[in-house]
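This report describes a single protein chain. The sequence and the structure are shown first, and the description follows.

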Amino acid sequence: MFQIAKLLNDCIRFLLESITIGLLLTATLKISIPLLKIIFSIVLPLGAILFWSNYMAPLSESRLNELERILVEIILFGGIACLTFFTGNKKIAATYLLIITINTVFDHVL
């Protein structure tokens, strides 16, 4: 039963990570400054994906320790929630933050 719960949480986690990149890209629709639009739509998502795959992924050789991963998750997921909130999607931001918080707690407890 424990392994099934962990597997289910990991699957949800992958979906939430994909949604995180999607929310970051969605935020670019509200930006009118071309340079910022390029940064938010190309550089930031690519940097987040590369960082996550190198330092946060479960099978990464250079994975951060537990405390460092929690701090990065707070910054990344909290930042995306704030960005989503300030671009006018308050309900989506609140829902995202609630689900990602529950998933993160389970991820570190299981």
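The text below moves from the whole chain to single helices, loops and residues.

**Overall fold**

The model is predicted. Its protein chain contains four helices and zero strands, and the pattern read along the sequence is α-α-α-α. The radius of gyration is 15 Å, close to the 13 Å given by the globule rule for 110 residues, so the chain is as compact as a globular protein of that length. Along the principal axes, the C-alpha atoms fill a box of roughly 50 × 30 × 20 Å.

Of the 110 residues, 28% count as buried. The accessible surface of the chain comes to about 7,500 Å², and carbon and sulfur atoms hold 77% of that surface. Among contacts with a separation of 6 or more, 54% join residues that are 24 or more positions apart.

The chain carries 8 positive and 7 negative side chains. The centres of these two sets lie 15 Å apart.

**Aromatic pairs**

A pair of aromatic rings is described by the distance of the centres and the angle of the planes. The structure holds three aromatic pairs, and two of them are described here. Trp52 and Phe77 form a tilted pair, with 5.7 Å from centre to centre and 55° between the planes. Trp52 belongs to helix α2 (residues 34–55) and Phe77 to helix α3, so this pair ties together parts that are 25 residues apart in sequence. Both Trp52 and Phe77 are buried.

Phe85 and Phe86 make up another pair. Their ring centres are 5.4 Å apart and their planes stand at 85°, so the pair is edge-to-face. Phe85 counts as partly exposed at 35% relative accessibility, whereas Phe86 is exposed, with a relative accessible area of 67%.

**Helix α3**

Where does Gly79 lie? Gly79 is part of helix α3, which spans residues 66–86. With 33% relative accessibility, Gly79 counts as partly exposed. Thr20 is 59 residues away from Gly79 in sequence, yet the two C-alpha atoms are 10.0 Å apart in space.

Arg69 is also found in helix α3. Is Arg69 buried or exposed? Its relative accessibility is 9%, under the 20% limit, so Arg69 counts as buried. Leaving aside neighbours within four places in sequence, Arg69 is in contact with Met56, Arg63, Leu64 and His108. One of these partners, His108, is 39 residues from Arg69 along the chain, and the C-alpha atoms of the two are separated by 9.6 Å.

**Loops and the C-terminal segment**

Thr87 sits in the loop between α3 and α4, the latter covering residues 90–109. The relative accessible area of Thr87 is 16%, so Thr87 counts as buried. Which residues does Thr87 contact, leaving aside its neighbours within four places in sequence? They are Ala27 and Lys30.

Lys30 lies in another loop, the one between α1 (2–27) and α2. At 57% relative accessibility, Lys30 counts as exposed; its contact partner Thr87 is buried. Lys30 and Lys6 are 24 residues apart along the chain, and 37 Å separates their C-alpha atoms.

Leu110 is placed in the segment after α4 and is partly exposed, with a relative accessible area of 30%. Leaving aside neighbours within four places in sequence, Leu110 is in contact with Phe2, Ala5, Lys6 and Asn9. For Ala5, which is 105 residues from Leu110 along the chain, the C-alpha separation is 8.0 Å.

**C-alpha separations**

The table collects the residue pairs discussed above.

| Pair | Apart in sequence | C-alpha to C-alpha |
|---|---|---|
| Gly79 and Thr20 | 59 residues | 10.0 Å |
| Lys30 and Lys6 | 24 residues | 37 Å |
| Leu110 and Ala5 | 105 residues | 8.0 Å |
| Arg69 and His108 | 39 residues | 9.6 Å |

Two of these pairs are also in contact: Leu110 with Ala5, and Arg69 with His108.

Terms used
Residues numbered from 1 in each chain as written. Predicted model: local features only at pLDDT ≥ 70, side-chain atom pairs only at ≥ 80, totals over all residues. Heavy atoms only, no water. Helix = DSSP H or I, 4+ residues; strand = E, 2+ residues; numbered from the N terminus. Rg over C-alpha atoms; globule rule 2.2 N^0.38 Å. Buried < 20%, exposed > 50% of the residue type's maximum accessible area, 1.4 Å probe, protein only. Contact = heavy atoms within 4.5 Å. Areas by Shrake-Rupley, 256 points an atom, 1.4 Å probe, with all protein chains shown as cover. Lys, Arg positive; Asp, Glu negative; His and termini not counted. Charge placed at Lys NZ, Arg CZ, Asp CG, Glu CD. Phe/Tyr/Trp six-rings, centres within 6.5 Å; stacked < 30°, edge-to-face > 60°.
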